[in-house]
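Okay, everyone settled? Let me put the sequence and the model up on the screen, and then we can walk through them together.

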Amino acid sequence: MNNVQASVPDAVVVENLSQRFGRTEALNDVSLTIPQGTVFGLLGLNGAGKTTLLRHLLGLHQPRVGSVRVLGCSPITDREKVMRRIGYLSEEDSLPTWMRVRDLTGFCEAIYPRWDRAYAAELCEWFELSPDAKLRSLSKGGRARAGLIAAIAHKPDLLVLDEPGSGLDPIARDDILQAIIRTVSLEGRTVIFSSHLLDEVSRVCDQVAIMHQGKLIESMPMMAVDERYEEWILRSRDETITTQHARRDCPVEAGLGWHQEDGEWSLLVPRQSELSPTALPPEWQWIESRHVTLKRLFEAHVRAPRQSVTAEARDDQTSGREGATMETSS
Amino acid sequence: MQIHLSDDGVPLYQQVVQQIRHRILSGQLSGGDEMPAIRTLAERLRVNPNTIARAYRELEQAGLVEKRRTRGTFVSASPTSMSAKGKREAIEPAIDQLLVLSQGLGVDAKELSQWILRRDEELQRKRGESS
């Protein structure tokens with residue numbers, strides 16, 4: 001619940017981290033800082049590098065280029081110390097299914113010196129999990145809840161969730177969200193989670209970062225999404241115009257995520273810019289301005305990489321008009 | 001409180017502010033009523049506690065609620081003591097929407113303001129009739 005202040009120590013510091021797997025560049029010069037007490041949301045398409053980044057925080061990869069500090073320590077050399085203070089839940093259904101719920105909590109109690117037996121029991125009750133139930137017999141949502149108990153009942157300083165809600169029913173996802181809020185409400189605890197469920201991310205996070213093709217392309221406070229951008233809806237009188245031509249002909253150079261439907265265009269415009277919808281050239285009509293959702297911002301970043309489109313717009317004079325389909329289809 | 005949050009892009013803290021402000025200004029919450037604790041409301045709405053903290057801060061600045069140290073947040077005794085600036089800020093978004101709509105229809109601001117006055121008279125008359 002801390003406001004982000006200079007005096008708050010950082011839970012995670014990643015500097016210039018790169019990681020290759022063979023020819024694949026999984027992480028490309030990633031730097032990020034997560035202050036203690038933050039709920040940090042990591043967004044990206046499948047294969048964007050989120051899981052690789054999270055695995056670095058858990059000490060499962062050794063940084064060759066760049067560095068990783070978690071709770072003030074190296075997750076490689078101080079692995080045991082760091083892991084005791086971390087809770088982790090992945091999307092995989094990886095619990096040993098032959099165990100009963102009570103075996104799982106007993107096992108965790110043995111590993112974590114700070115395991116809170118009463119809290120674990122309270123969570124079991126809240127999730128309606130019987131301690132006698134075999135993990136195999138539980139539903140996917142039930143096993144996710146059991147995994148969540150294993151991840152949070154030692155009251156970790158850092159909770160790492162890798163797509164915790166994917167494939168779960170809405171009630172199970174809701175339980176996970178509530179657990180995240182509870183965790184961060186306990187003083188100074190930090191949560192980092194990756195997700196595709198953008199509405200959920202925008203509700204619970206105070207900081208969001210967007211990853212694309214191994215790069216961290218934008219990181220900002222959740223509240224800044226709306227302060228930084230607004231969405232304009234415009235109409236072009238030329239109905240055959242393509243994305244590339246729109247970007248060139250409409251003087252909104254800073255516009256992001258051009259997207260067309262039936263002659264109406266949507267784009268994100270930085271609020272700080274000098275642009276005004278009333279100053280558009282006559283071929284362009286302004287329809288309305290809207291608040292920007294995280295989903296819209298995410299699409300703008302991952303659907304239309306800035307450099308490739310501007311490059312196309314610059315050198316493409318002839319073949320232009322069919323090239324827009326990739327970006328405009330939804 | 002049955003606060004409803006939509007995911008249409010209006011910042012969540014603003015949605016919370018609007019709905020609590022409405023409850024206070026319309027008298028559903030009255031002076032001295034205790035507001036839910038930040039954590040409680042955050043957990044209930046599944047939102048980040050900072051979102052609720054910011055909403056409460058805005059309501060406090062608008063003079064609608066007051067923090068009593070260690071005891072929580074309470075509805076102000078005289079919530080109408082909102083500053084002129086606060087009132088303007090609360091109304092301005094609705095005015096902007098009206099202006100956009102009327103400009104689109106070719107109605108200038110002067111005509112619009114006359115319509116507002118006329119509508120107000122109508123509504124007052126109706127209220128007079130029904131009471």
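I'll take chain A, then chain B, and finish with the place where they meet. One thing to keep in mind throughout: this is a predicted model.

So, chain A. The UniProt record, an unreviewed entry, lists "domain: ABC transporter" for residues 12–238 of chain A. Across that stretch, chain A is 33% helix and 30% strand, and the C-alpha atoms at its two ends sit 50 Å apart.

The domain assignment cuts chain A up in its own way: domain 1 is 10–221 and domain 2 is 225–328. How many residues does each domain put into the contact between them? Domain 1 of chain A gives 11 residues and domain 2 of chain A gives 7. If you want to find the domain 1 side on screen, look at helix 7 (198–204), strand 8 and strand 9 of chain A, since each supplies at least two residues of the side that touches domain 2. By class, that side of domain 1 of chain A has 8 nonpolar residues, 2 polar and 1 charged.

While we're at strands 8 and 9, let me stop at the loop between them. Strand 8 of chain A covers 207–212, strand 9 covers 215–221, and Gln213(A) sits in the loop that links the two. Its phi is positive, near 50°, and Gln213(A) is not a glycine. Is Gln213(A) buried, exposed or partly exposed? It's partly exposed, because there are 15 other C-beta atoms within 10 Å of its own, and being buried would take 20 or more.

Now for the inside of the model. Here's the general idea: in soluble globular proteins, nonpolar side chains tend to be buried together. In this model the largest nonpolar core has 98 residues. Which residues have the most contacts inside it? They are Ile149(A), Ile180(A) and Val191(A). Take Ile149(A): skipping its neighbours within four places in sequence, Ile149(A) touches Thr105(A), Ala120(A), Leu123(A) and Cys124(A).

Right beside those residues in the sequence is another pair to look at. Gly106(A) belongs to helix 3 of chain A, residues 101–111. Along the chain, Gly106(A) and Ala150(A) are 44 residues apart, but their C-alpha atoms are separated by 9.8 Å. Gly106(A) counts as partly exposed, because 15 other C-beta atoms lie within 10 Å.

For a helix that's mostly covered, go to helix 1 of chain A, residues 50–57, where 6 of the 8 residues are buried. Among them are Leu53(A), Leu54(A) and Leu57(A), but also Lys50(A) and His56(A). After this helix comes Gly59(A), with a positive phi near 75°.

Okay, over to chain B. Chain B has 5 helices and 2 strands. What order do they come in? Starting from the N terminus, it's α-α-α-β-β-α-α.

What about its overall dimensions? A compact globule of 131 residues would have a radius of gyration near 14 Å, but chain B comes out at 18 Å. Along the principal axes, its C-alpha atoms fill a box of roughly 50 × 35 × 25 Å. And 22% of the residues of chain B count as buried.

Chain B also gets two domains in the assignment, domain 1 at 12–75 and domain 2 at 84–130. Their C-alpha centres lie 28 Å apart. UniProt, again in an unreviewed entry, marks residues 10–78 of chain B as "domain: HTH gntR-type". That span is 51% helix and 12% strand.

Last stop: where the chains meet. The contact takes 21 residues from chain A and 15 residues from chain B. Which helices of chain B each supply at least two residues of its side? Helix 2 (38–45) and helix 3 (49–61). By class, the chain B side has 7 nonpolar, 3 polar and 5 charged residues.

And in the loop between helix 2 and helix 3 of chain B you'll find Arg46(B). Arg46(B) has a positive phi, about 55°, although it isn't a glycine. With 17 other C-beta atoms within 10 Å, Arg46(B) is partly exposed.

That's my tour, so let's hear your questions.

Note on methods: Residues are numbered from 1 along each chain as its sequence is written. Chains are lettered from A and ligands numbered from 1 in the order in which they are written. This is a predicted model: local features need pLDDT of at least 70, side-chain atom pairs count only at pLDDT 80 or more; totals for chains, interfaces and linings use all residues. Two residues are in contact if their C-beta atoms, placed from the backbone, lie within 7 Å. Helices (H or I, at least four residues) and strands (E, at least two) are DSSP runs, numbered from the N terminus. Ala, Val, Leu, Ile, Met, Phe, Trp, Tyr, Cys and Pro count as nonpolar, Asp, Glu, Lys and Arg as charged, and the others, Gly among them, as polar. UniProt positions are given in the numbering used here, feature names are shortened, and annotations may be inferred rather than shown by experiment. A nonpolar core is a set of buried Ala, Val, Leu, Ile, Met, Phe, Trp, Tyr and Cys residues joined through C-beta atoms within 7 Å. A residue is buried if 20 or more other C-beta atoms lie within 10 Å of its own, exposed if 12 or fewer, and partly exposed in between; C-beta atoms are placed from the backbone. The radius of gyration is taken over C-alpha atoms; the globule rule is 2.2 Å times the number of residues to the power 0.38. Domain bounds come from an automatic or database domain assignment.
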